[in-house]
Structures are given as C-alpha cells and as structure tokens.
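Student: Could you show me how to read side-chain pairings and helix faces from a set of coordinates?

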Amino acid sequence: MNFVPILYENEDILVIEKPSGMSSQGGHKIFHPLDEELSKQVGYKVHLVHRLDRDTAGLMVVAKSGAAAARWIKLIGGKQVQKEYKAVCIGAPDGKPSGIITEPVSKGGVEKPAVTSYSVERIFTFQWEDKAFAEGLRDFNTEISLLHLKLGTGRMHQIRIHLAKIGCPIAGDDKYGDFKLNKYLKKAAGVRRLMLACVRLTLPIAGKQKKFEIPVPPYFDEFLNMCVQRSGSTD
C-alpha cells in the first residue's frame with residue numbers, strides 16, 4: 001500500500017499530498033490509485049472532489065462522505081477554493097513577468113473557457129554539455145523558467161495546455177511539450193517527471209480562508225540547483 005501524507009483533517013475533509021505518478025482515480029489498467037490507496041490507509045471510503053493529473057504532485061481535498069463531497073464540489077465549482085501551482089518550464093513567457101492566459105481548452109471536441117494567471121519567479125539559461133549537441137540540439141543554451149500559477153478555471157490539463165500555447169511548455173511534459181528537449185533533459189539532467197505541483201490551497205473552513213502550503217517536490221530542487229550550477233540566472 002502506498003502511503004499518502006495527510007496534512008489536515010476535520011469532520012468533512014482531508015487535505016492530502018498526492019505524489020507524482022499516482023492516478024487520482026482508478027480505471028482500466030490503473031493500479032494503486034489515490035482513492036483506493038487512501039481509503040485503505042484511513043479505513044473508510046474517501047470521495048474525490050477534484051483531481052490532479054497522474055504526473056502532477058501536490059495538494060488535494062478529499063471528502064470523507066458523499067454528502068461532504070457534494071458540498072465541496074459545489075464550493076470548488078463556485079470558485080471558493082483557490083489552487084496555486086509551481087511549474088518548471090522550457091522557455092519563459094515572452095518578455096512578461098506576469099500575465100493571464102485565456103485561451104479556451106478543448107474537451108470532447110468542445111472548446112471551454114479557461115483562465116490561468118502566471119508570474120515568473122526565476123529564469124535560468126541552462127548550458128548543455130557538448131555530447132547533447134552532437135545529437136542534434138540547435139543551441140548551446142536553453143532558457144528554463146520557474147513559474148507560479150493560479151487557476152481561474154479547472155479544465156483538464158489546463159496548465160499544461162496553456163503554457164505550451166504561450167511557448168513555455170512544462171519540463172517533462174511529453175503530451176503537450178517539447179518531446180526532443182525533454183529527451184535531452186532526461187539524459188543530461190535526470191528530469192524524469194512532470195515538473196508541475198500544486199503547492200498551495202486556500203479553502204473556506206469555519207467561516208475563514210485557511211491556507212495550506214507545501215514546498216516543491218525534491219526533484220524540482222535537484223533540477224533547479226543543476227540549472228544554477230550550469231547557468232547564469234536572473235531573479
């Protein structure tokens with residue numbers, strides 16, 4: 001059984017930290033999903049009220065009953081829950097320290113409105129070793145950025161799609177990102193996971209806005225420290 005850290009508990013919900021690589025919900029050929037593993041861990045059935053992609057790490061709200069799940073789904077749908085993320089991207093927003101992405105996101109062939117706010121926390125110029133260039137890279141340097149993101153809507157894969165659309169896909173994202181550079185980052189820097197994590201949730205609890213925050217996963221720091229060693233960087 002996979003252990004899932006529980007950061008907070010009341011009569012209705014658990015706030016938990018989902019590891020990268022764990023699916024939120026079970027399904028065909030999905031083994032050890034969060035809903036099943038956490039239910040075994042706590043000894044009762046838990047109910048999802050929102051999801052994170054399998055490869056996205058970070059904070060989630062999980063309900064302890066069907067009635068509580070219905071209430072929290074309504075709260076999330078009514079934008080009373082604020083979700084904030086960190087992402088390490090290949091490239092950076094073009095000359096903008098902050099902005100709002102409003103490109104629609106397609107679901108089932110239907111375009112849905114979507115809103116993601118971002119701010120640039122740091123930009124690195126990652127310097128590749130010669131061996132990587134012998135295999136076909138165009139430039140000796142690749143810009144890497146650390147972004148802070150807030151969701152205005154909660155569409156499936158929204159952050160990944162939005163950042164790819166503005167030219168700074170998330171490192172390790174082979175579905176929407178730069179497959180070739182991800183391949184080189186895996187070889188040269190050990191980037192084997194999607195560099196996206198939900199690091200802060202603000203929830204309406206007992207009439208107040210309660211914040212939960214976690215640091216980025218260790219593999220973020222490992223890669224960013226390598227970027228510092230190999231590059232010039234700007235704050």
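Tutor: We will go through salt bridges, then aromatic pairs, then one helix, keeping in mind that this is a predicted model.

Student: How should I think about salt bridges, and how many does the count come to here?

Tutor: Side chains of opposite charge can pair when their charged atoms come close. In this model the count comes to 9 salt bridges. One of them joins the side chains of Arg-54 and Asp-55, with 3.2 Å from N to O. As for the surroundings of that pair, Arg-54 is partly exposed at a relative accessible area of 46%, and Asp-55 is likewise partly exposed, with 26%.

Student: Which parts of the chain does the salt bridge between Arg-200 and Glu-84 tie together?

Tutor: The side chains of Arg-200 and Glu-84 meet at 3.0 Å, N to O. Because Arg-200 belongs to strand 11 (residues 196-205) and Glu-84 to strand 5 (residues 82-90), this salt bridge ties together parts that lie 116 residues apart in sequence. Arg-200 is buried, its relative accessible area being 19%, just as the cut-off of under 20% requires, and Glu-84 is buried with a value of 4%.

Student: Where do the partners Arg-160 and Asp-173 lie, and are they buried or exposed?

Tutor: Their side chains form a salt bridge of 2.9 Å, N to O. Arg-160 sits in helix 4 (residues 158-165), whereas Asp-173 is found in the loop between helix 4 and helix 5 (179-189), so the pair links parts 13 residues apart in sequence. Both Arg-160 and Asp-173 are buried. Moreover, salt bridges with shared partners bring Asp-53, Arg-160 and Asp-173 into one network.

Student: Turning to the rings, how many aromatic pairs are there, and what should I read from each?

Tutor: One reads the distance between the ring centres together with the angle between the planes, and here the count comes to 3 aromatic pairs. Among them is the pair of Tyr-8 and Phe-212, which is tilted, with 5.1 Å centre to centre and 55° between the planes. This pair links distant parts of the chain, since Tyr-8 is in strand 1 (residues 6-9) and Phe-212 in strand 12 (residues 208-213), 204 residues apart. Phe-212 is buried, with a relative accessible area of 7%. Another tilted pair is formed by Tyr-219 and Phe-220, at 5.7 Å centre to centre and with 55° between the planes, and both Tyr-219 and Phe-220 are buried.

Student: Why do the buried residues of helix 2 line one face?

Tutor: An α-helix has 3.6 residues a turn, so residues three or four places apart point the same way. Helix 2 (residues 66-77) has 12 residues and reaches 16 Å from its first C-alpha to its last, close to the 16 Å expected at 1.5 Å a residue. Its buried residues are Ala-68, Ala-69, Trp-72, Leu-75 and Ile-76. Viewed down the axis of helix 2, these residues fall within an arc of 125°, and therefore they line one face of the helix.

Student: What do those buried residues pack against, and which exposed residues does the face turned away carry?

Tutor: The buried residues of helix 2 pack against strand 2 (13-18), strand 3 (47-48), strand 4 (57-63), strand 5 and strand 11. On the face turned away from the buried side, helix 2 carries the exposed residues Lys-74 and Gly-77. After helix 2 comes Lys-79, whose phi is positive, near 60°.

Definitions and conventions: Residues numbered from 1 in each chain as written. Predicted model: local features only at pLDDT ≥ 70, side-chain atom pairs only at ≥ 80, totals over all residues. Heavy atoms only, no water. Salt bridge = Lys/Arg side-chain N within 4 Å of Asp/Glu carboxyl O. Buried < 20%, exposed > 50% of the residue type's maximum accessible area, 1.4 Å probe, protein only. Helix = DSSP H or I, 4+ residues; strand = E, 2+ residues; numbered from the N terminus. Phe/Tyr/Trp six-rings, centres within 6.5 Å; stacked < 30°, edge-to-face > 60°. Expected span 1.5 Å × (residues − 1). Arc of directions from axis to C-beta. Contact = heavy atoms within 4.5 Å.
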